[in-house]
Amino acid sequence: MPELPEVETIARGVNARVRGDQIVEAWFGSHREPFKNSPARQAKGLEGRTILEVHRAGKHIVCELGSVVSGSQAARGRDGQVEAEWIVHLGMTGRLLVTTPSNPVEVHTHARLTMASGREVRFVDPRRFGRLEFRDLKKGRRFHAPGAEPLAIAAAEFAVLFRGRKLAIKAALLNQTLLAGVGNIYADESLFRAGIRPRRAAGKLTRPELERLRLALVEVLQRAIRRGGSSVSDYVDADGVRGFFQLEHRVYQRTGEPCLVCRTPIRRLVVAGRSTHYCPKCQR
DNA sequence: ACAGGCTCCTGCAGGC
DNA sequence: TGCCTGCAGGAGCCTG
């Protein structure tokens with residue numbers, strides 16, 4: 001399931017391939033609701049625009065778009081003003097692929113963008129937990145992830161996020177309005193590396209524990225980005241290539257297996273409705 | 001205001 | 001072998 005490192009990997013891959021390219025035609029094939037605004041409105045909004053840049057914000061992929069221009073003008077559209085955004089949330093099983101129109105279209109393909117370069121951008125999502133949104137910045141505001149960026153937040157700011165909160169630290173890490181981009185895998189992995197039990201009340205963690213947690217989170221996220229993300233179900237990057245960080249998971253989906261540090265069997269429990277994995281000896 | 005739980009959706013694993 | 005059940009989970013929504 002795509003979390004920050006997977007979304008970052010995809011955003012970088014898409015950016016490298018379609019930055020400066022123009023959307024010639026947009027096709028939206030779903031009648032049900034992976035869309036925040038109607039498929040017709042999104043298609044109309046996207047067509048003719050140049051993709052100025054693609055980046056990640058929390059778990060969202062944001063495609064910054066220029067104004068609608070004719071073909072000859074599009075070639076010099078790379079540095080234009082951002083006038084619209086296409087925001088992609090992958091949910092659990094969403095994939096954003098850059099391919100060519102001749103490649104077979106797989107089932108659950110909900111959107112296809114034909115690019116002037118001959119490439120094609122596809123959004124595929126079997127479980128339909130993903131979301132697509134078009135924003136015309138003349139009518140609306142730019143997209144911002146609701147929570148803080150875990151890779152950029154300072155120690156003091158990080159500690160303030162959890163102050164006075166009674167909920168489990170694991171649940172707090174998953175709350176996107178506090179930190180944007182952390183999901184189940186990296187919550188479990190960072191808590192293990194910080195030696196903190198997932199059920200501890202967020203507000204009761206000491207300052208040193210919170211700082212250990214922040215540093216563990218940064219380390220695990222950066223390391224995962226370098227490995228191209230974790231492929232645990234069907235995650236692939238913009239080229240359809242799997243990541244490798246799942247090979248470095250120390251607790252996630254290792255229930256009953258020995259802890260890599262102390263050999264104690266890894267335990268599983270449910271926190272905030274999510275399966276949660278931890279070492280009862282290493283995490284206090 | 002805040003926290004916890006339910007729901008959406010499909011593919012796959014496990015059990016009988 | 002084949003069917004059925006249950007589980008996976010991000011985030012919006014509802015409830016207490």
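This is a walk through the two domains of a predicted model, the space between them, its cores and a few single residues.

Because the model is predicted, local features need pLDDT of at least 70 and side-chain atom pairs count only at pLDDT 80 or more, while totals for chains, interfaces and linings use all residues. Residues are numbered from 1 along each chain as its sequence is written, chains are lettered from A and ligands numbered from 1 in the order in which they are written, and side-chain values use heavy atoms, with hydrogens and water left out.

Let us begin with the overall layout. Chain A is assigned domain 1 (4–136) and domain 2 (155–278); such bounds come from an automatic or database domain assignment. Taken over C-alpha atoms, the centres of the two domains are 29 Å apart. Their contact (heavy atoms within 4.5 Å) takes 18 residues from domain 1 and 19 residues from domain 2.

Now look at the open space. The largest pocket has a volume of about 440 Å³. A pocket here is an open set of points on a 1 Å grid over the protein atoms alone, with protein on both sides within 12 Å along at least five of seven lines, and lining residues have an atom within 4 Å of a point. Grid points are joined across faces, edges and corners, and a volume is the space filled by probe spheres set on the points. Of the 19 lining residues, Lys59, Gly91, Met92, Gly183 and Arg274 lie nearest the pocket's centre. Each domain supplies at least three residues to this lining, which divides into nine nonpolar, seven polar and three charged. In this count Ala, Val, Leu, Ile, Met, Phe, Trp, Tyr, Cys and Pro are nonpolar, Asp, Glu, Lys and Arg are charged, and the others, Gly among them, are polar.

There is closed space too. One cavity of 30 Å³ or more turns up in the whole structure, a cavity being a set of grid points where a 1.4 Å probe fits but cannot get out. The largest cavity has a volume of about 40 Å³, and of its 10 lining residues Pro2, Met92, Gly94, Asp234 and Tyr235 are the closest to its centre. Both domains give residues to the lining, so this cavity lies between them.

Next come the cores. A nonpolar core is a set of buried Ala, Val, Leu, Ile, Met, Phe, Trp, Tyr and Cys residues joined through side-chain atoms within 4.5 Å; buried means under 20% relative accessible area, exposed over 50%, and partly exposed in between, with a 1.4 Å probe and protein chains only. In the largest core, of 33 residues, Phe158, Phe162, Ile169, Leu173, Leu179 and Leu213 touch the most other members. Helices H4 (155–162), H5 (169–174), H6 (184–194) and H7 (207–226) each give two or more residues, and H7 gives the most, with eight. Helices (H or I, at least four residues) and strands (E, at least two) are DSSP runs, numbered from the N terminus. Another core, of 30 residues, lies apart and includes Phe28, Ile51, Leu65 and Val88.

Leu191 makes a good stop on helix H6. Leu191 counts as buried because its relative accessibility is 0%. Leaving out residues up to four places away in sequence, Leu191 touches residues including Ile169, Leu173 and Leu213.

Finally, turn to the backbone. Arg128, in the loop between strand E7 (120–124) and strand E8 (131–136), has a positive phi of about 60° although it is not a glycine. Gln253, in the loop between H7 and strand E9 (267–271), has a positive phi of about 55°.
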